[in-house]
Amino acid sequence: MVSPNQDVAFDNKIEGDIVISRLDAVINWVRSNSMWPMPMGLACCAIELMGTASARFDIARFGAEVMRFSPRQSDCMIVAGTVTYKMAPHVRRIYDQMAEPKWVIAMGACASSGGMYRSYATLQGVDRIVPVDVYVSGCPPRPEALLDALIKLQDKVKRSPSLKNLTA
Amino acid sequence: MSETVADDTTTSLQAKFPSATLRESLDHPAVNVPVGEAVAVLEWLKDEQGYDFLVDVTAVDWAENVSPRFTTVWHLYSTAKHTYIRVAADCADDADPVAPTVTQLWPAADWHERETFDLMGIKFEGHPDLRRILMWDGYPHHPLRKEFPLAGIETELPDIEVAEETEAKVIAAPMMGGPFVASNKGEMNMTDAEPRAKDESWNEKLPKPE
């Protein structure tokens, strides 16, 4: 992604120390490869989330191993589990406390649509209260599915006009 | 189908409390008692009969137009005899049912009674802290009552700020395709049959009744 631009002349005294790229690409490269998750583990999906973080599946390969239990230090909220109406405002508040830029992965059927909980107590999809970037199917999804969601989210981040968003 | 189960405890209970009657039961000894005597009976069972462990406090809603509508049920277990007993008492008021608390006998009753209050609306007189336990404070309904639809009733979110920000509400859940209830009588091939919602009063074809 980041490659020297052959069209631009450079001073041979500093050759090798300068790489020329687009600012967007640099920002997105940084963002997408150090995506610290906010583990919003609310039900059994959280167990798979832990499995994804552990040695066999090793989410650290994608730079997302630093589970931050403080919303102020995290970039990506992984909503892993059933969101009840009683819990929903807290999920939204934690999302509000996260610093921009921030993303949300709805992990599993419950977080995506309420899943099998068609009842008076369950929020019918976390996208009713927070903007979701990636939905993961499964009940619960396998760790590979969550890793795939993370890769998809990284692709999305890499395509985003970060500089325009920053200066807007 | 009106079997009762009696044992030594129910016999001496009926001798001590003449108003107690045997209650229909297929498993454990069970008695009906007047709601006013419930605490005395439970205390006697605990102190004199060794039923020292309160397993459950719950309630039954018989239906909207049935009187008495609500029955409070206590399940006790004796850790010495390894037997259970069930005590039930009809609540007097059908609209605003009240039952006595047993938190003074078993501290464990505290949260059981809060749950029964939350979901069935039984008020436990003398309870030290009768707040909702599963639904949030201020929720206007008691969801396990018979008139409450499975899907729920549209209400406001518990947090006003978040409700304004997100414009989200507590909505009646779409019933089509769920909850997953399949016939257990064997007339349906389980591999072909899609589990159906029991309550099909509204789904994606039938509009929601007002």
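Is A:D148 buried, partly exposed or exposed? At 36% relative accessibility, this residue counts as partly exposed, because the buried class ends at 20% and the exposed class begins over 50%. Please keep in mind throughout that the structure before you is a predicted model.

Good morning, colleagues. I shall speak about salt bridges, then about the interface, and finally about one threonine.

A:D148 has a partner, A:K152, and the two form a salt bridge whose closest N and O atoms are 3.0 Å apart. Both residues belong to helix α5 of chain A, which covers residues 143–158. Because they are four residues apart in that helix, about one helical turn separates them. A:K152 is likewise partly exposed, with a relative accessible area of 46%. As a general point, side chains of opposite charge can pair when their charged atoms come close. Over all chains, the structure holds 15 salt bridges.

Let us turn to chain B. There, B:R86 and B:D27 form a salt bridge, again with 3.0 Å between the closest N and O atoms. This pair links distant parts of the chain, 59 residues apart. B:R86 sits in strand β5, residues 84–90, while B:D27 is found in the loop between β1 and β2. How do their surroundings compare? B:R86 counts as buried, at 13% relative accessibility, and B:D27 is partly exposed, at 44%.

A further salt bridge in chain B joins the side chains of B:D118 and B:R132, at 2.5 Å from N to O. B:D118 lies in helix α3 and B:R132 in the loop between β7 and α4, so the bridge ties together parts that are 14 residues apart in sequence. Both of these residues are buried. There is also a network: salt bridges with shared partners join A:R92, A:D96 and B:E165.

That network includes residues of both chains, which brings me to the interface. How many residues of chain A are in contact with chain B? Twelve are, and they meet 30 residues of chain B. Between them, the two chains bury about 1,800 Å², of which 65% is on carbon and sulfur atoms. On the side of chain A, the residues that lose the most area to chain B are A:Y85, A:R118 and A:Y120, together 43% of what that side buries.

Three salt bridges are counted between chain A and chain B. A:R93 forms a salt bridge with B:E161, the closest N and O atoms being 3.2 Å apart. Six residue pairs between the chains are in polar contact. By class, the side of chain A that touches chain B has five nonpolar, two polar and five charged residues.

My last residue is B:T101, in the loop between β6 and α3 of chain B. At 5% relative accessibility, B:T101 counts as buried. Which side chains does it contact through polar atoms? One is that of B:T103, at 2.9 Å, and another is that of B:E113, at 2.6 Å. Leaving aside neighbours within four places in sequence, the contacts of B:T101 include B:V39, B:F124 and B:H127.

I close with the confidence of the prediction. Chain B averages a pLDDT of 85, and 84% of its residues score at least 70. In chain B, confidence is highest in strand β4, residues 70–77, at 95, and lowest in α4, at a mean of 87. Thank you for your attention.

Terms used
Residues are numbered from 1 along each chain as its sequence is written. Chains are lettered from A and ligands numbered from 1 in the order in which they are written. This is a predicted model: local features need pLDDT of at least 70, side-chain atom pairs count only at pLDDT 80 or more; totals for chains, interfaces and linings use all residues. Side-chain values use heavy atoms; hydrogens and water are left out. A salt bridge is a side-chain nitrogen of Lys or Arg within 4 Å of a carboxyl oxygen of Asp or Glu. Helices (H or I, at least four residues) and strands (E, at least two) are DSSP runs, numbered from the N terminus. Buried means under 20% relative accessible area, exposed over 50%, partly exposed in between (1.4 Å probe, protein chains only). pLDDT is the predictor's confidence in each residue, from 0 to 100. Contact means heavy atoms within 4.5 Å. Buried area is the accessible area (1.4 Å probe) that two parts lose on being put together, summed over both. A polar contact is a pair of N or O atoms within 3.5 Å; within protein, one must be able to donate a hydrogen and the other to accept it, and residues adjacent in sequence count only if both atoms are side-chain atoms. Ala, Val, Leu, Ile, Met, Phe, Trp, Tyr, Cys and Pro count as nonpolar, Asp, Glu, Lys and Arg as charged, and the others, Gly among them, as polar.
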